[in-house]
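Colleague: I would like a close look at a single part of this chain, namely the charged side chains that pair with one another. Please take me through them slowly, and set them in the context of the whole chain.

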Amino acid sequence: MATPIVRRSNNQSSRSKDPEKSSSLPLLSKRFAAWATEMTLVVASGLVPFGFGVYANSRSDLNRVPLNPVLVVTERAIARPLALPVSYGIRNVAWPTNILWSLALLGPVTISTWQLYLLAKTGSTIPKRRFGIKVVNEQGTAPGFGAVVIREGLGRWTVPLSVAYLLWRYSLAFPNLGIFAVLALLAIASEGIGLPAKNGRRAIHDILAGTYTVDATRPLPASFSDASRESQAAVSSDAESLADDQEGATASDNTPAHPLVALIRRNPNLTLMGVTLVSMVAVLATLVGTQVYIQTQETQRKSQQINSQQFLELVKQLNSSSIATLEERRSAIVAMGTLNDPQAIQFLADLLVKETNPTLVDTVQQALANIGIKALPELKNQNQFLAGELGSGGNYAFQRLQLNQKAINKILAVYSGQSNGLDLSRSQLGVVGSGENSSFNLVLDNVDLSGIKFKSANLNQASFKGTRFRSVGEDGRWDTYDDVIADLTQVQMKQANLTDANLSRVLLNRSDLSRATLNRANLSDARLIAANLSSAQLVGADLRGAVLENASLTGADLGDAKLNEADLYAARLGRVVAIGTQLSYANLTKTDWQGSDLSGADLERVNLSNANLSATRMTGAVLRSAQMENANLQNADLSLVDLRGANVAGADFKNAVLSPNKQDPADEFVQTPSKGSVSAVVQGVDFSQAKNLDPKQLAYICTQGGIHPRCP
């Protein structure tokens with residue numbers, strides 16, 4: 001259809017002098033302004049409640065509840081295509097946050113649906129109406145729901161974003177989200193500019209949907225009226241043809257046919273030949289496929305039959321009543337390990353705990369190791385069964401379990417990095433019993449255990465020095481959605497050695513790591529909600545971004561550890577040694593540090609609201625710009641602490657030491673604040689709402705530049 005020419009009406013000049021500013025703008029500018037307004041409404045409907053939710057989550061006086069499962073699913077659905085790391089496992093948020101973030105999810109959906117409804121029924125959304133533009137079909141009427149879905153869903157968003165995503169995903173820019181955002185904006189802008197037409201440019205989404213974006217303040221182009229009249233004439237012609245069959249048939253013959261239909265009519269013989277050829281190919285492919293399937297099944301059946309026959313012959317040699325020699329029995333065990341048959345695996349797993357000859361036991365373990373990862377499910381089932389018999393089996397039960405544990409240990413060590421998805425949940429792999437019954441220790445140093453599910457397993461006193469519990473996925477990049485990560489939820493790892501281990505992003509919720517050694521371990525972004533780290537060694541450990549809500553670290557050694565931006569909401573940290581620990585920007589709301597040593601710690605911009613810091617030693621600590629509302633600082637040693645910019649409203653300073661005493665020679669290693677002198681430690685800090693300040697403290701505050709109503 002030819003592009004219409006705009007009709008000049010007599011009142012056009014008067015319309016052009018409309019006082020409204022939007023009517024004088026070019027159509028392209030109006031389209032962009034309307035689209036920008038629509039997007040602003042959609043984005044604002046999500047960002048506003050999301051921002052309030054973030055604020056509510058930062059409040060310490062609100063109860064914490066698990067994150068809404070719908071939000072968890074949505075987060076993961078977004079993270080997967082964008083290769084984003086997600087918050088693995090359930091995390092806790094303030095109860096209003098759940099509601100507000102749910103509104104942040106529903107708001108954009110509601111606003112978008114409402115705008116699409118208006119566009120389908122009237123041709124204009126409120127922003128489009130404000131800027132004087134309208135979307136119409138070829139008849140000059142509202143486009144309807146079908147056209148709107150194609151226009152907005154397919155043309156405006158799916159096509160440009162798909163192009164941008166493919167360019168980003170399969171280029172060196174992946175997984176840089178900033179570059180993807182730029183590509184997406186360029187693709188959307190290019191699609192909106194559209195393709196050249198006889199009368200200006202027409203956006204691709206309008207071409208796909210068969211719609212036109214027109215100036216609602218001006219008359220429709222002439223072709224829209226012509227098309228409407230042609231449509232009405234066609235309807236009348238159809239009604240007349242229904243009344244007269246012969247004339248209708250003639251009219252039908254004169255109707256232009258689809259090019260493909262016309263080609264078939266002109267070449268019937270060629271069409272018949274093509275259909276015959278396609279049918280023959282389809283029949284041949286079906287026959288070949290069926291034959292291949294039958295042959296494959298027959299081969300598998302024969303292989304299983306041969307394996308079964310070999311298995312039965314080997315079982316006869318290994319039978320207790322057999323007269324086979326020791327060497328023959330060893331050969332039979334080795335041969336059974338090569339069968340790769342479920343029956344053989346089960347037989348070897350049972351034989352491992354029944355055989356009494358040490359030589360044959362070693363051979364069985366070697367045969368199971370030869371089978372590899374496929375043997376672990378059967379060994380796991382046996383492990384759980386034997387663990388249940390410990391109470392009544394005596395030393396013999398312990399010995400049988402230890403043989404099973406050693407076999408699992410050997411397979412995991414040999415097949416390092418090949419166990420992704422392996423489920424060893426509730427397995428008994430830790431030290432059991434004491435004295436002569438505790439001879440087994442799980443040792444998996446410097447191996448790759450990424451992707452294994454150890455949920456609720458017993459790994460007490462195990463050694464994982466330098467072991468990796470996380471690795472990159474198929475894309476070969478860290479911190480993307482397909483990272484291979486182990487699950488250590490509710491695991492028992494008391495006194496385990498995890499020195500230099502990589503536990504980044506690993507799930508450790510409600511796990512027991514009491515008295516474990518985690519020196520220099522990488523626990524960044526790990527999930528340790530309600531975990532037990534009492535008396536654990538975490539010297540130099542990396543816990544940046546880790547979630548330790550409600551965790552217990554009582555008596556732990558956090559010297560030189562990195563906990564920047566970590567979330568320790570309501571964590572228990574009594575008697576912790578945190579000398580020189582980095583805690584900047586961490587969430588320490590409602591934490592209990594009673595009796596801890598935080599000398600020289602970096603606590604810049606931390607949130608210590610409602611925290612218990614009574615009887616703590618904080619000599620030389622940096623608390624610049626820290627939030628310390630209602631913190632308990634009774635009997636705390638705050639000498640040489642840098643409090644500049646801190647908020648101490650409601651903080652309790654009863655018997656706290658503010659004025660620096662002469663430094664003990666034993667404390668010379670403690671680094672004093674690098675900026676300013678002692679007189680600047682409280683300079684500019686507002687103590688007006690602080691509690692229980694005694695005259696000596698007030699005198700020090702006033703002389704050192706602090707703010708208080710009683711200062712002269």
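Modeller: What follows is a walk through the salt bridges, with a short view of the whole chain before them and of some other side-chain pairings after them.

Please keep in mind throughout that this is a predicted model, and that the values below are computed from it. The chain has 712 residues, of which 44% are buried, and its secondary structure consists of 18 helices and eight strands. If one takes the contacts between residues at least 6 apart in sequence, 44% of them join residues that are at least 24 apart. The surface that the chain exposes comes to about 36,500 Å², with 56% of it supplied by carbon and sulfur atoms.

Turning to the part you asked about, the structure holds 18 salt bridges, and I will describe some of them in detail. One of these joins the side chains of Asp423 and Lys380, with an N to O distance of 3.7 Å. This pair links distant parts of the chain, since Lys380 belongs to helix α16 (residues 376-388) while Asp423 sits in the loop between α17 (390-414) and β7 (470-471), 43 residues apart. The two partners fall into separate accessibility classes: Asp423 is partly exposed, at a relative accessible area of 33%, whereas Lys380 is buried, at 10%.

A second salt bridge brings together the side chains of Arg470 and Asp483, at 2.8 Å from N to O. Here Arg470 lies in strand β7 and Asp483 in the loop between β7 and β8 (484-485), so that the pair links distant parts of the chain, 13 residues apart. Arg470 has a relative accessible area of 5% and is therefore buried, and Asp483, at 8%, counts as buried too.

In a third salt bridge, Glu604 meets Arg624, and their closest N and O atoms are 3.9 Å apart. Both residues lie in the loop between β8 and α18 (695-703), so the pair ties together parts that are 20 residues apart in sequence. Glu604 is partly exposed at 25% relative accessibility, while Arg624, at 18%, counts as buried; the cut-off that matters for Arg624 is that buried means under 20%.

Salt bridges may also share partners, and in this model Arg151, Glu152, Arg156 and Asp206 are linked in a network of them.

Charged side chains are also found over aromatic rings. The charged end of Arg130 sits over the ring of Phe131, 5.9 Å from the ring centre, and Arg169 lies over the face of Tyr170, with 5.6 Å to the ring centre.

As for rings that pair with one another, the count comes to nine aromatic pairs. Among them is the tilted pair of Phe32 and Trp35, with 6.3 Å from centre to centre and 40° between the planes. Both residues belong to helix α2 (residues 27-58), where they are three residues apart, about one turn of the helix, and Phe32 is exposed, at 57% relative accessible area. Elsewhere, Tyr165, Trp168, Phe174 and Phe180 form one aromatic cluster.

Finally, there is one disulfide by count, and it joins Cys702 to Cys711 with the sulfur atoms 1.9 Å apart. The torsion about this S-S bond is about -85°, so the disulfide is left-handed. Cys702 is partly exposed at 23% relative accessibility, whereas Cys711 counts as buried at 19%.

Conventions
Residues numbered from 1 in each chain as written. Predicted model: local features only at pLDDT ≥ 70, side-chain atom pairs only at ≥ 80, totals over all residues. Heavy atoms only, no water. Helix = DSSP H or I, 4+ residues; strand = E, 2+ residues; numbered from the N terminus. Buried < 20%, exposed > 50% of the residue type's maximum accessible area, 1.4 Å probe, protein only. Contact = heavy atoms within 4.5 Å. Areas by Shrake-Rupley, 256 points an atom, 1.4 Å probe, with all protein chains shown as cover. Disulfide = S-S within 2.5 Å. Phe/Tyr/Trp six-rings, centres within 6.5 Å; stacked < 30°, edge-to-face > 60°. Lys NZ or Arg CZ within 6 Å of the ring centre and 35° of its normal. Salt bridge = Lys/Arg side-chain N within 4 Å of Asp/Glu carboxyl O.
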